[in-house]
Amino acid sequence: MSQAPAVFYVRSGLARDQTYNLEIARGSSESVLERWMPFRHNSTLHALAAFPPPSIHAFSGITDAVARATDLQAAFETLMIEVSRELKTRACIFQQMERGWTLVAQTRGGLRVSISDLHAALSSVSSDALTAAAELRAIGDGVWTLVPLRDVGGWPASLLLAGDWTPIDDMVGALVVLLSSAFRSVREREERRHAEHLLRDGYTIGRRLSRLGDLETVCQRVVEQVSRSLEADRVALALYRPEEDRLVIAATRGYAASVVRDVRIERGAWVMGHVFTAGRPVLVRDIRQIDRLALERRRYRTSSFVAVPMFAGSETVGVLSATDKKDGSAFGRRDTSALRTFSMSAALALMAARSGAEVHRLTHAATVDSLTGLFNRHYLDARLHQEVERAKRASNSLTVLMADIDDFKTINDTHGHQVGDAILQVVSGILRSAVRVFDVCARYGGDEFAIVMPSSDHSSATACAERIRQRIFDHHGLPHLPKATISLGVAVIEPGDEPADLVWRADRSLYQAKAEGKNRVHANSGMPHVRLMPLPRRNTIEPV
């Protein structure tokens, strides 16, 4: 025959909706009952039915569910669900982050406690309380038990249980131990997934960067990927510039352009300069503990940062740094390892981009005349061959202009080679400005120039040649430069022409213009040639 449950009295200091149905069989020892009674204080008493305290098996069920969570946040939320179901009480989890206590999870229905009361209670929590098995806290009109959570990683966390659970602090302590193992299991799985994710990111960014040839683009992609992977609001990449013997900010994420545009970092100066010189990573979890650096962090949101050197072989080529994690937490060793992985991929891509840029520079230098900036004879010969073949295939017109500065030897002999070089540069600038963007303008040799004009017929090429002659004739030049004129010959492609044939006819037209008095254009297209008479000459240069 079943017996009615015993009736016990508990303190009514909590809100009226916080009641405990303690159902314990008659005959249970008074010591056990007194140990389990949630409230043993002299106050107004209510009669409540009693029930047995939670067993270790119930606590094991809670921790098993927590251990199966996919990540730490999911583990916190699972803990709240299980606590509500097994312990029939309200609960919440707070983490003590840099900006203060933050609510990360709570049971369904809310806490029914004001924010001000919570803040007052939590602000008085000491570091010792975060390691104790359980501590009683008065919050508003009720009493809550503070239970520290261990192995949650990063910031300290505490579980708040509504009611006084200190009478069974040995069982609460067992719950803490079981939860510690569950959280550790969740964190290890999360760290493995994170490590795999970083390896994939490192491989992905390595492949993507290898396809980018521009140094500036490579740098910007690196900082954007680091920002996403490390969840950092601010990332900076500095490259060493040997000609200045300083580090230059090459790309940033989260910094105003005006702040970093002209920044130059001496070797050994600031954090980046120190990392570059030492060749070792720097991880600072809380810069406020470093007196000489604390004031420099005022413009940052958090007090943690990480910086790693970038190596290309044995050479240090730059520094990669990150700060201000999105969740306000501190950087750890895992972040340092991730940043080093990215720095290796970035360094290889940067060296490839630099090599590509150097190849482009050398290729450009091999095709450009260093004095005038026009294409050189080697490039002209290659392009002329291509354009002749293209004109034959498409049955298009092609014109070549040959130009020569009149009496250039006299200028050199009279005024010196520096003045002669200056005149060559002036004439080259006029040539570039007078032709189309796709025309090939080159220095043929000495004071002679050649222009290849695809899809240009006799009339348009002759008009261009006259425009060049007139501009040079009208050019007043610099005060120390003598007056110069130019003669030009024009030749249009004919059936069966090879590149040499076209150049030869243009050259013959040029000599004809010289023979007719210089400072003029002579066109030869297989038709009767056209002579454009010059304006009256200014007798500043005597004919040879």
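Me: How many of the 7 residues of strand S17 (residues 486-492) are buried?
Reply: This is a predicted model, in which local features need pLDDT of at least 70 and side-chain atom pairs count only at pLDDT 80 or more, while totals for chains, interfaces and linings use all residues. Residues are numbered from 1 along each chain as its sequence is written, and side-chain values use heavy atoms, with hydrogens and water left out. Buried means under 20% relative accessible area, exposed over 50%, and partly exposed in between (1.4 Å probe, protein chains only); strands (E, at least two residues) and helices (H or I, at least four) are DSSP runs numbered from the N terminus. S17 is largely enclosed by the rest of the structure, because its buried residues number 7 of the 7.

Me: Which residues of S17 are buried on the side opposite Ile 486, Leu 488, Val 490 and Val 492?
Reply: In a regular strand the side chains alternate between the two faces of the sheet. Both faces of S17 are covered, and the side opposite Ile 486, Leu 488, Val 490 and Val 492 holds Ser 487, Gly 489 and Ala 491.

Me: Which residue in S17 stands opposite Thr 399?
Reply: Two strands pair if DSSP finds at least two bridges between them. Strand S14 (residues 398-405) runs antiparallel to S17, joined by 7 bridges. In this pairing, the residue opposite Thr 399 is Val 492.

Me: Is the crossover from S17 to S18 left-handed or right-handed?
Reply: S17 pairs with strand S18 (residues 521-524) in the parallel sense over 4 bridges, and Ala 491 stands opposite Asn 524. Between these strands the chain passes through helix H15 (residues 499-515), forming a β-α-β crossover. A crossover is right-handed if, with the strands pointing away from the viewer, the path from the first strand over the helix to the second runs clockwise. The crossover from S17 to S18 is left-handed.

Me: With which residue does Asp 404 form a salt bridge?
Reply: A salt bridge is a side-chain nitrogen of Lys or Arg within 4 Å of a carboxyl oxygen of Asp or Glu. For Asp 404 the closest N and O atoms are 2.7 Å apart, and the partner is Lys 514. The pair links strand S14 with helix H15, 110 residues apart. Both residues are buried, namely Asp 404 and its partner Lys 514.

Me: Is Glu 498 partly exposed or buried?
Reply: The side chain of Glu 498 meets that of Lys 392 in a salt bridge (3.1 Å, N to O). Glu 498 lies in the loop between S17 and H15, and Lys 392 in helix H11 (residues 377-394). Because its relative accessible area is 38%, Glu 498 is partly exposed.
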